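Subject: Structure handover

Hello,

Here is the structure I promised to pass on. Please open it first; my notes follow below.

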Amino acid sequence: MNLKYAQVLVDINKLGTKTFSYLIPESLKNEIKVGQAVSIPFGRRKEELKAYVVGFTNYLEEGIKAKEISEILDNTPLFSLEYLKLLEWVSSYYFCDIQTVLNTALPQKFFEKNVKKYRTPKIKDKIFDTKKINSDYELSEAQKKVYDEIKKVNAKTSLLYGITGSGKTEIYFKLIEDTINKGKNVIFMAPEIALVSQLTIRTIERFGVDCVAIWHSSITEAQKYETWKKLRNNEIKILFGARSAVFAPMKDLGLIIIDEEHDSSYKQTMPNPRYNARDVAKKLCELYGAKLILGSATPSIESYYEAINTNSLFTLKERYNNALLPKVVVIDMREERAEKNYTLFSRTLQKNVKETIEKGEQVIFLINRRGFASYTQCLECGTVLECPKCAIPLIYHNQTNSYKCHYCNYEIINPKCPKCDSEALEHFGLGSEKVELSAKKMFPNYRIERLDSDSLTKKNEHVEILKRFQKGEIDILVGTQMIAKGLDNKNVTLVGVINADLSFNLPDYRSSERGFSILTQVAGRSGRGDKEGKVIFQTYNSNNIFLKNAQEQNYEEFYKNEIELREMLDYPPYSKMIRIVLSSKDDFRAEKSALEIELALSDYIKKLSLDETILILGPCPCVINRIKEEYRYNIIIKNKLSENGHRTILRFLKSIKLPSDIKMVVDIDPSDIL
């Protein structure tokens, strides 16, 4: 090697992860490679730290004298050049420095010099107790047709749009088998950890336990380190995970599958990098020459639009074994109240629940909101209890008798009205906890449990709840959107959506897409076996066009209605969006900074004659205008110039120098604008 210096990434106590240049000793010049772990002297005391080589150069800034690398700690590189290119792309595209990206990709423990204490994990995940089952599963004619078409197509990205229960997973398994037989490996992603667990169990039953691993935020550092070593030694053939799995250092990558690709959980909203795993996976496949399969019963508008225009859309319009889609009934709760039914459950739902459980079948109740009540109001003066740090109501949790903020984790017990000091407080609205308690009162003889992020207190508890539900030990499962995805229990024949309007009522351009998706997905949990399924949507607005699309399970009609609105308003896929949020503890300062930046950006765009293709909206207060004591202002940019526009906007944003009391968050392709 002729290059003189190595650029190394090192984690410094109190300073975070930084890149420095170090002199390469002559003795190491023929051995040193990108991705290797090295030992470097740092600081005046020349403390030896562990670092990673991320590049090489012949130049140093003037006046800097570089120290020498002490030794190479591990000759086998931690990551490849392609992997580093991926991280650099994430850094560039998502407006984030490379150090922060590496922090996301590499667990902090990897920077510790001594990793010997990370021995074999003490606790083995129960998922890996699953036994292989020799099954002779045959694809149906419809599945085989789609499988053959996907194999033939040259497109790097294919969208498998199949209605709920159509057997998309079996097509995934066949593609996985083909990939492994070619000596290549697979990353299989799902949006929720509970769904990752279910898919992992099914995969172990098909392919065995030896070549399968899991990678997501809930596994321990010891488990992650153990998996990382196996990945590096190419011992893993199929890696399961949530969004962070896209950064796992998988070797010989041949296929990435993203199930429920529409799900907003694939987008990291905080902290940086605010990446979308679906888009990172596309780049990863491009770098490794791998294939990407996106799958969903309710594809994202952008993915469906792209698939149509690249001839890479593959559809399954019938359920496996010609099982019928469940019948969906819409109940107007205004009529129920007019007839003196003030409970959470319509008389139709009550009747159907009793009939279903008497037949030995099971029920799901969906309420897409956590907690007991949506807000608490003083009956004396009408004041709504709000978080003192955020401009949102506190959510009452009956189980802990506390009031919580779901944004900053503020919590208070036994509050009084902050305005008049009254204790006369009343809870309004509803969440999953209230539905569970109301269900137990309404149906006292049935076994009822709740599955949401508040109810999970122990590791792998979601797996245990789902196993008991699968075995028939739970009659009614109450939950949030967590139970709407991928749950495949053939004994579930009734789904009740307690308030079908919730997801449609958010002031966000994606609210119709989210509302349609969650209703369609949860409806698909019913009647997945040979028994006929039924779904009941309870609503206060039975005229909502998107609710009717969900009732009919008609994605094509929903897409047609939604894409017309998107085109008219220049929303994605007709533009790429960038959201800028300016915040400060001083409301006036936050607004002033937002106005100044918008004005400067508008002038910059006009000078380049791009004001017809790069549209700037705002600034205006965010819908939630205060979080963690900071006032927030939105600037929304609609970029119709694709990559050129993206680079132009980010070039401007890099030039901004902000006062110390102002924070700026840049969110590329935001999942919402709240």
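How many bridges join β6 to β12, and do these strands run parallel or antiparallel? Four bridges join them, and the two strands run parallel. One pair to look at is Y161, whose bridge partner in β12 is T315. Please keep in mind throughout that this is a predicted model.

The parallel sheet

β6 and β12 belong to an open sheet of seven strands. The order is β8-β9-β7-β10-β11-β6-β12, with parallel pairing. β8 (212-215) and β12 are the edge strands, and each pairs on one side only. From one strand to the next, the twist averages 20°.

Two helices that pack on this sheet deserve a look. Helix α5 (residues 193-207) touches β7 (185-189), β8, β9 (238-241) and β10 (253-259). The direction of α5 makes about 160° with that of β9. Helix α8 packs on the sheet as well, touching β6, β11 and β12. Its direction makes about 115° with that of β6.

Helix α8 covers residues 301-309. Its buried residues are I301, E302, S303, Y304 and A307. Among the elements that cover them are β6 (157-162), β11 (291-296) and β12 (313-316). The cover also includes three helices: α7 (277-288), α13 (511-523) and α15 (555-569). After α8 comes N311, with a positive phi near 55°.

The cores

The largest nonpolar core has 108 residues. F79, I256 and F537 touch the most other members. Helix α1 (residues 81-93) supplies the largest share of this core, six residues. Another core lies apart from it. That one has 34 residues, among them L160, F188, I201 and C211.

What does I256 contact, leaving aside neighbours within four places in sequence? The list is I187, M189, A281, L284, C285, K291, L292 and I293.

α1 against α7

These two helices pack at an angle of about 145°. Their axes are 10 Å apart. The crossing is right-handed. On the α1 side, the contact is made by E82, Y83, K85, L86, W89 and V90. On the α7 side, D279, V280, K283, L284, L287 and Y288 take part. L284 of α7 is thus in this helix contact and also in contact with I256.

The antiparallel strands near the start

Strand β4 (residues 47-57) has eight of its 11 residues buried, so the rest of the structure largely encloses it. β4 pairs with strand β1 (residues 5-12) in the antiparallel sense, over six bridges. There, V8 has V53 of β4 as its bridge partner. β4 also pairs with strand β3 (residues 37-42), again antiparallel and over six bridges. In that pairing, S39 is matched with K50 of β4. The hairpin of β3 and β4 has four residues between the strands. In it, G43 takes a positive phi near 80°.

Helix α17

Does the length of helix α17 agree or disagree with its residue count? It agrees: at 1.5 Å a residue, the 13 residues (642-654) should span 18 Å, and the end C-alpha atoms are 18 Å apart. The buried residues of α17 are G645, H646, T648, I649, L650, F652 and L653. What covers them includes α1, which also supplies six residues of the largest core. Helix α16 (587-607) is part of the cover too, as are the strands β24 (576-584), β25 (614-627), β26 (630-639) and β27 (663-668).

Backbone points to check

S642, in helix α17, has a positive phi near 60° and is not a glycine. S642 counts as partly exposed, because its relative accessibility is 46%. D669 is another residue other than glycine with a positive phi, near 50°. D669 lies in the segment after β27. With a relative accessible area of 14%, D669 is buried, as the cut-off is under 20%.

There are also cis peptide bonds to inspect. One joins N272 and P273, with omega about -5°. P273 is in the loop between β10 and α7. Another joins G618 and P619, with omega about 5°. P619 lies in strand β25, which is also part of what covers α17's buried residues.

Best wishes

Key
Residues numbered from 1 in each chain as written. Predicted model: local features only at pLDDT ≥ 70, side-chain atom pairs only at ≥ 80, totals over all residues. Heavy atoms only, no water. Buried < 20%, exposed > 50% of the residue type's maximum accessible area, 1.4 Å probe, protein only. Contact = heavy atoms within 4.5 Å. Core = buried A, V, L, I, M, F, W, Y, C linked by side-chain atoms within 4.5 Å. Pairing = 2+ DSSP bridges. Axes fitted to C-alpha atoms, helices over the stretch in contact; angles between N-to-C directions. Expected span 1.5 Å × (residues − 1). Left-handed = near helix turned anticlockwise from the far one by under 90°.
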